[in-house]
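Reader: I have the sequence and the coordinates open, and I would like to go through them with you one question at a time. Please reason through each answer before you commit to it.

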Amino acid sequence: MSGKRNMITVKNLDFSYNQRKVLDNISFNVEKEDFISILGPNGSGKSTLVNLISKVLIGYEGEIEVGGRDIKELNPKDIAKMVAVVPQYTNPGFSFTVAEMVMMGRHPYISRFGTEEKEDFDVVRGAMEKTKILPFANRKFTELSGGEKQRVVMAQALAQDSSILLLDEPTSHLDINFQIEFMNLFLSLNRKEKKTIIAIFHDINLALQNSKRIMLLKEGRIFNLGSGEDIISRESIKSVFGSDVFVGRNPVTKKIYVSPVFNPGVDLGISSQKANKYLRVHIIGGGGAASPVMNLLHSRGYTVSCGVINTLDTDLDTAQMLKIPYVTEAPFSPISFVSQNKNIEFIKSSDVIILPAVEFGFGNFSNLVSVKEAISSGKKVIVIDEKNIRERDHTGGKAEKLYRRIIRDGAIVVKSENQVLRRL
Ligand code: ADP
Ligand code: MG
């Protein structure tokens, strides 16, 4: 043991919703300055665990101590001074401005009939600067995009000025630029400001790159807790998530990363269809959305290429694994003109362009622009509209507008990659 102070102690914790057990005998300690990421499939109990520690949920069996004190003895203000939460879902139920929402983070410090003091305004301002939300301080929270809301809720948690941060999928709605900014923010809060962090990430690689320890949660039990190096393996991911992955090592950061492995042998019941090997298909990549269709078309013998994808993207791993030509961009960087032009070259020499259900932020918006140019120049475009564009648009409507334009201009719309085969 390093001898650091214990910030959180959880012992033999059980919790049930309506007699259905969702957390089963959970025990672990978190020391000061630790950064634990909780990973597990949907429904494994991650949010429940975080909500119990912050006393958002009550009615458990076992022990939870924060800062050396049983949380049952702590009133909501005491807890709020020690623990700030960024919940998975936020619905204020009333239309507050952004600045008002962030000021709510100060409530543990303001007495019942007291008013905010200079210090409160200073802290709020600092929190808004760190999350880059000052430009929309006076807008209504309810009118913001998902990513903007997430930044406001993060600012509110920072305004709480607690030594522990509990983050429940804090970057799930952010575009790639803010995702990296937030990861840097978490690292600086942890390493410089000595905050203790427990975070739930939907992305194993984000967790691996940033946290000191990983907790694998499976069906309400701790499957394993330790460093990523020690506990993330092909076998552990298979056991916890049921999926086949490849565990590699990033040549730049030397850290391990996980990338999905697909099975090209899957019979989709359309195997009688003959592929035209000379048909060139270019696929727009991003966030792993292109991997299934890349894999499928490659396995059927089509001449496939992919772009623009960021390094560290699972789509890049897939392209490399399948030896498919691709256009790449530095990790977490917006697409440069050079890369965009290379991508357009690929598009020009292809017969069909495929647009999978990629998430669009300002960083990869130009991929959509390239598709728009493709359709304007008469190329055949197939859109895999698997997920509502509104939920995938992190540009405040810009991407949605262009996407709809692409469809209006004659793109073929299908619902899954399997349907692509019939339309080639
Ligand atoms: P995770 O965050 O890992 O996806 P949750 O902690 O949200 O999982 O949920 C764990 C389990 O508890 C799930 O099976 C979920 O359906 C159930 N659950 C979550 N919230 C409630 C609730 N308010 N009432 C009943 N069951 C719930
Ligand atoms: Mg959850």
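Author: One cut-off is needed before we begin: a residue counts as buried under 20% relative accessible area, as exposed over 50%, and as partly exposed in between. Please also keep in mind that this is a predicted model.

Reader: Is D385 buried or exposed?
Author: D385 sits in the loop between β17 (380-384) and α14 (389-392). Its relative accessibility is 16%, and because the limit for a buried residue is under 20%, the class to which D385 belongs is buried.

Reader: Which side chains make polar contacts with the side chain of D385?
Author: A polar contact of 3.1 Å links the side chain of D385 to that of K415. Another polar contact, of 2.6 Å, runs from the side chain of D385 to that of Y403. The names asked for are therefore K415 and Y403.

Reader: Which residues supply the protein donors of the magnesium ion (ligand 2), and how many residues apart in sequence are the parts they tie together?
Author: The donors from the protein are OG of S47 and OE1 of Q88, which lie 2.1 to 2.2 Å from the magnesium ion. S47 belongs to helix α1 (residues 46-53), whereas Q88 belongs to the loop between β6 (83-86) and α3 (98-103), so the parts that S47 and Q88 tie together are separated in sequence by 41 residues.

Reader: What is the accessibility class of Q88?
Author: The relative accessible area of Q88 is 24%. Because the class between the 20% and 50% limits is the intermediate one, Q88 is partly exposed.

Reader: Which element gives the most residues to the shell around ligand 1?
Author: The residues around ligand 1 include Y17, R20, V22, K46, S47 and T48. Polar atoms of the protein approach ligand 1 as well: a side-chain atom of S47 lies 2.9 Å from one of its oxygen atoms, and a backbone atom of S44 is 3.2 Å from an oxygen atom of ligand 1. Two elements, β2 (20-31) and α1, each give two or more residues to this shell. With 3 residues, the element that gives the most is α1.

Reader: How much of the area that ligand 1 exposes when taken alone does the protein bury?
Author: A polar side-chain atom of Y17 lies 3.4 Å from a nitrogen atom of ligand 1. Taken alone, ligand 1 exposes 560 Å², and of that area the protein buries 61%.

Reader: Which residue is joined to G307 by a cis peptide bond?
Author: Most peptide bonds are trans. The bond in question has an omega of about -25° and is cis. The partner of G307 in this bond, found in strand β14 (residues 303-310), is V308.

Reader: What value is phi of E219 near, and what is phi of N25 near?
Author: Most residues other than glycine have a negative phi. E219, which is in the loop between β9 (213-218) and β10 (221-226), is exposed at 66% relative accessible area, while N25 is in strand β2 and is partly exposed at 46%. Both have a positive phi, which for E219 is near 45° and for N25 is near 55°.

Reader: What is the radius of gyration of the chain, set against that of a compact globule?
Author: The C-alpha atoms fill a box of roughly 70 × 50 × 45 Å along the principal axes, and 51% of the 424 residues count as buried. For a compact globule of 424 residues the radius of gyration would be near 22 Å, and the value for the chain, which agrees, is 23 Å.

Conventions. Residues numbered from 1 in each chain as written. Chains lettered and ligands numbered in written order. Predicted model: local features only at pLDDT ≥ 70, side-chain atom pairs only at ≥ 80, totals over all residues. Heavy atoms only, no water. Donors = N, O, S within 2.8 Å, 3.2 Å for Na, K, Ca; no water. Helix = DSSP H or I, 4+ residues; strand = E, 2+ residues; numbered from the N terminus. Buried < 20%, exposed > 50% of the residue type's maximum accessible area, 1.4 Å probe, protein only. Near = heavy atom within 4 Å. Polar contact = N/O pair within 3.5 Å; in protein donor to acceptor, adjacent residues only side chain to side chain. Areas by Shrake-Rupley, 256 points an atom, 1.4 Å probe, with all protein chains shown as cover. Rg over C-alpha atoms; globule rule 2.2 N^0.38 Å.
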